[in-house]
Amino acid sequence: MKLSKKLVSVSMFLLILLFLSSCGIIPQTPEGKISGRVLIPLFEMSKDVSGWIPTANAVVTIVDASGVTHTTTTDEEGYYNFEDITVNPNTVITASVTVDENIVILKNVIPHAVTAGEDYNAGEMTPESTALALVVEELLAEGMDPEDIDHEEIESNDNFSDLVEKITEVLEEGGDVTTDPDIVDIINDIINPPVPPFATITFSNYKITDL
């Protein structure tokens, strides 16, 4: 009999907790997520409209701290969410969407580690974020420690603005930013700056060559 009363009391207590929780009186444990938005240029289909527009059903991928690839798609407003995952510093997010039979790719990069319970808004994918992510990807491919990658140093490089401009051009033409040879060359110049030519200074009958 006593056991039965205890069971009833526990059941009532749980029901009350459930009711209060559903009413928002008891705060829920936050569920961490990584979110962002994908916008694409309008290409040739709407010359009378300028700017970039959100895209639905873009395929967005990210690799978590354990090396597992997660995939999701954007909603009608171009937003995506990855829930309850942990990522390392300088993790790249990639979005691809097919428009007029062209596969358009944009990227973003998360500069610091994100825990499973943390909410992180990566913001909009843009030519600038894509340029930074492509350089980061190449540095990682060359074996650089993610902790040592400096975003400010990359963005302050003299060639970075050229990279953003070229990526914008390729995206607006519906090209692939990951294979375009000009983009590849600019990224290489950022990571491995070309050696300057020998400087030659001439004084009257003497010539000094700076090796």
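Helix 2 meets helix 4 through P127, E128, T130, A131, L132, L134 and V135, which face F160, L163, V164, I167, T168 and L171 of helix 4. This is a predicted model. Besides this contact, the briefing covers a second helix pair, an open sheet of 4 strands, and the salt bridges, of which the structure holds 5.

**Helix 2 and helix 4**

- The axes of helix 2 and helix 4 are 9 Å apart, and the angle between the helices is about 115 degrees.
- That angle makes helix 2 roughly perpendicular to helix 4, because angles of 65 to 115 degrees count as roughly perpendicular.
- The crossing of these two helices, helix 2 and helix 4, is right-handed.

**Helix 4 and helix 5**

- Helix 4 also packs against helix 5 (residues 181-191), at an angle of about 165 degrees and with the axes 10 Å apart.
- Helix 4 and helix 5 are therefore roughly antiparallel to each other, since angles over 145 degrees count that way.
- Helix 4 and helix 5 cross in the left-handed sense.
- On the helix 4 side, the contact is made by F160, D162, L163, K166, I167 and V170.
- On the helix 5 side, the residues in contact are D182, I183, I186, I187 and I190.
- F160, L163 and I167 of helix 4 appear in the contact with helix 5 and also in the contact with helix 2.

**The open sheet**

- An open sheet is formed by 4 strands in the order 4-3-6-7, with antiparallel pairing.
- Strand 4 (69-73) and strand 7 are the edge strands, each pairing on one side only.
- Direction ignored, neighbouring strands of this sheet are turned against each other by 20 degrees on average.
- In general, the strands of a sheet pair through backbone hydrogen bonds, and the pairing can be parallel or antiparallel.
- Strand 3 (residues 59-63) pairs with strand 6 (residues 91-99) over 3 bridges, in the antiparallel sense.
- One residue of that region, T61, has T94 in strand 6 as its bridge partner.
- Strand 6 and strand 7 run antiparallel and are joined by 9 bridges.
- I93 has N108 in strand 7 as its bridge partner.
- The hairpin of strand 6 and strand 7 has 2 residues between the strands, and D100 in this hairpin takes a positive phi near 50 degrees.

**Surroundings of strand 7**

- Helix 2 lies across strand 6 and strand 7, and runs at about 75 degrees to strand 7.
- How many of the 9 residues of strand 7 are buried? The number is 7, so strand 7 is largely enclosed by the rest of the structure.

**Salt bridges**

- Side chains of opposite charge can pair when their charged atoms come close.
- E137 forms a salt bridge with K107, and the closest N and O atoms are 3.1 Å apart.
- This pair links distant parts of the chain, as E137 is in helix 2 (residues 127-141) and K107 is in strand 7 (residues 102-110), 30 residues apart.
- Is K107 buried or exposed? K107 counts as buried, because its relative accessibility is 5% and the cut-off for buried is under 20%.
- E137 counts as partly exposed, at 29% relative accessibility.
- R37 forms a salt bridge with E124, with 3.9 Å between the closest N and O atoms.
- Here too distant parts of the chain are linked: R37 is in strand 1 (residues 33-41) and E124 is in strand 8 (residues 119-125), 87 residues apart.
- R37 counts as buried at 16% relative accessibility, whereas E124 counts as partly exposed at 39%.
- The side chains of K166 and E169 meet in a salt bridge, at 3.1 Å from N to O.
- K166 and E169 are separated by about one helical turn, because they lie 3 residues apart in helix 4 (residues 160-172).
- K166 is buried, with a relative accessibility of 16%, and E169 is partly exposed, with a relative accessible area of 35%.
- Which residues are joined into one network by salt bridges that share partners? They are R37, E77 and E124.

Notes. Residues are numbered from 1 along each chain as its sequence is written. This is a predicted model: local features need pLDDT of at least 70, side-chain atom pairs count only at pLDDT 80 or more; totals for chains, interfaces and linings use all residues. Side-chain values use heavy atoms; hydrogens and water are left out. A salt bridge is a side-chain nitrogen of Lys or Arg within 4 Å of a carboxyl oxygen of Asp or Glu. Buried means under 20% relative accessible area, exposed over 50%, partly exposed in between (1.4 Å probe, protein chains only). Two strands pair if DSSP finds at least two bridges between them. Axes are lines fitted to C-alpha atoms, for helices over the stretch in contact, and angles run from 0 to 180 degrees between N-to-C directions. Contact means heavy atoms within 4.5 Å. Angles under 35 degrees count as roughly parallel, over 145 as roughly antiparallel, 65 to 115 as roughly perpendicular and the rest as oblique. A crossing is left-handed if the near helix is turned anticlockwise from the far one by less than a right angle, and right-handed if clockwise.
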